[in-house]
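Here are a few notes to help you find your way around this one. Have a look at the structure first, then read on.

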Amino acid sequence: MRDDNFLVEQNARSIWHPMAHPADMRANPPRIIAKGEGTHVTDIEGRTVLDAVAGLWNVNLGYSCDPIKQAIARQLDVLPYYSGFRGTSTPTSIELAYEVTQFFAPEGMARAFFTSGGSDSVETALRLARQYWKVRGQADKTKFLALKKGYHGTHFGGASANGNANFRRNYEPLMPGFFHVPAPWTYRNPFNESDPAKLAQLVGAAIEDEIAFQGADTIAAFIMEPVLGAGGVIVPHETFMPLVRKICDKHDILLIADEVVTGFGRAGAWSGSRLWGVQPDMMCIAKAITSGYFPLGATLIGTKVAEAFEADKTTFGNIGTGYTYSGHPVGCAAGIAVLAETRRLNLAENARLRGEELLAGLKRLQDKHQVVGDVRGKGLMVALELVSDRATKKAADKKLMGQVADTAFAQGIMIRISGPNIILSPPLILKAEEVDTILGALDIALGSV
């Protein structure tokens with residue numbers, strides 16, 4: 001490794017960063033995170049802070065989980081890589097597929113198709129949804145419905161399903177056949193409805209209307225996050241996802257649950273679908289499957305879809321998609337270790353308890369600071385939406401958001417800024433006293449503006 005002077009000098013020079021303007025990164029080089037331990041990270045200048053975003057929603061077990069590191073090291077010694085394409089498999093991919101389908105059996109999942117990450121998992125689910133209807137002899141069912149404010153990754157399929165212009169505008173025209181309905185977001189919605197149960201019904205009616213307009217016989221699937229993440233942590237009413245499931249069943253439309261963020265306990269249950277009591281037809285998972293220690297994801301396939309493919313006698317059932325690193329033996333070894341630790345520590349329950357404490361504390365900060373327009377969350381996925389005017393809900397500007405983030409870092413916590421939202425998604429091993437640390441730092445940061 002080159003010395004620190006070299007790293008500082010070359011920071012943002014040879015690398016383009018995701019979700020950032022290259023010119024801005026060169027003018028304002030990003031923080032260099034050099035070390036992680038427990039729930040904390042340390043930058044190249046030696047400043048240690050509590051990582052209140054867990055990397056990118058994904059480091060559920062923190063940065064010092066020895067069982068994961070040991071599993072990776074052992075697998076590197078035995079078999080660092082082999083292809084999972086037709087004709088070959090590896091022991092760890094077989095074992096993890098079994099473990100993860102057993103783990104998500106309550107959601108009705110029966111098969112696993114491994115990917116390199118969340119965007120791959122979504123892309124695969126969209127492809128399989130269209131393919132499923134060809135297998136079923138209904139080739140006209142090619143369209144997709146999704147929620148505005150939803151986020152489904154960066155591939156052209158997922159980006160076309162995205163319901164946020166920030167992730168769409170610069171890459172348009174996107175793929176045809178994707179259609180959006182309002183999100184069940186009580187703070188901002190076109191119905192001017194603040195009652196979450198009533199809003200769920202209104203959005204359900206909008207879905208029915210869109211299905212009638214498009215024609216149910218042309219729609220392959222509805223894709224949704226059980227709790228919307230990157231769009232600002234939008235938590236639907238408990239009746240909403242069951243209502244979507246009912247609508248999909250009524251019109252013979254597949255339901256894809258994007259669980260890339262909510263899978264493995266972040267929302268206070270082992271999946272967002274289980275939180276709302278729903279069995280989707282497919283689930284997209286990634287992020288926490290290896291706690292961020294190795295790039296890995298999976299598309300999980302429900303029994304109905306699996307049986308249709310496996311009973312097919314034509315070429316339509318042949319899986320014509322995949323990735324060089326599908327079922328990577330080292331990633332799967334990491335996943336096996338992560339799942340064992342996730343169960344042992346009962347991370348979902350800790351996320352629920354710490355999330356309740358964090359949300360209650362943030363609501364107290366909302367009462368104290370006029371700049372906080374809304375607070376929302378479920379488990380350890382929480383957001384504060386900042387405004388310059390509470391009455392008009394005018395969003396806080398980029399400069400103010402940057403000042404809050406910088407002050408929070410100076411006070412000892414890393415937060416994530418997304419538009420006017422402060423997003424908090426700390427490791428699921430978070431302790432009660434660390435919740436207090438987050439609240440104390442945010443109190444000072446919000447007070448600074």
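The points below go from the overall picture to a few individual residues.

1. Before anything else, keep in mind that this is a predicted model. The protein has 15 helices and 16 strands, so there's plenty to trace as you rotate the view.

2. On overall size, the C-alpha atoms fill a box of roughly 65 × 60 × 40 Å along the principal axes. For 449 residues, a compact globule would have a radius of gyration near 22 Å, and the protein's own value of 22 Å agrees with that.

3. Inside versus outside: 56% of the 449 residues are buried. The protein exposes about 19,800 Å², and carbon and sulfur atoms supply 53% of that area.

4. Now for the contacts. Taking those with a separation of 6 or more, 72% are between residues 24 or more positions apart.

5. On the surface, look for Tyr-81, Tyr-82 and Tyr-325, which form a nonpolar patch. Together these three have about 320 Å² of accessible area. Tyr-82 sits in the loop between α4 (66-78) and α5 (91-103). Its relative accessible area is 45%, so Tyr-82 counts as partly exposed, the class between 20% and 50%.

6. Finally, try Ala-23, which you'll find in helix α2 (residues 22-27). Is Ala-23 buried or partly exposed? Ala-23 is partly exposed, because its relative accessibility is 44%. From Ala-23 you can also step to Ile-72, 49 residues apart along the chain: the C-alpha atoms of the two are separated by 37 Å.

Definitions and conventions:
Residues numbered from 1 in each chain as written. Predicted model: local features only at pLDDT ≥ 70, side-chain atom pairs only at ≥ 80, totals over all residues. Heavy atoms only, no water. Patch = residues over 30% accessible without salt bridge, like charges linked within 9 Å, V, L, I, M, F, W, Y side chains within 5 Å. Areas by Shrake-Rupley, 256 points an atom, 1.4 Å probe, with all protein chains shown as cover. Salt bridge = Lys/Arg side-chain N within 4 Å of Asp/Glu carboxyl O. Helix = DSSP H or I, 4+ residues; strand = E, 2+ residues; numbered from the N terminus. Buried < 20%, exposed > 50% of the residue type's maximum accessible area, 1.4 Å probe, protein only. Rg over C-alpha atoms; globule rule 2.2 N^0.38 Å. Contact = heavy atoms within 4.5 Å.
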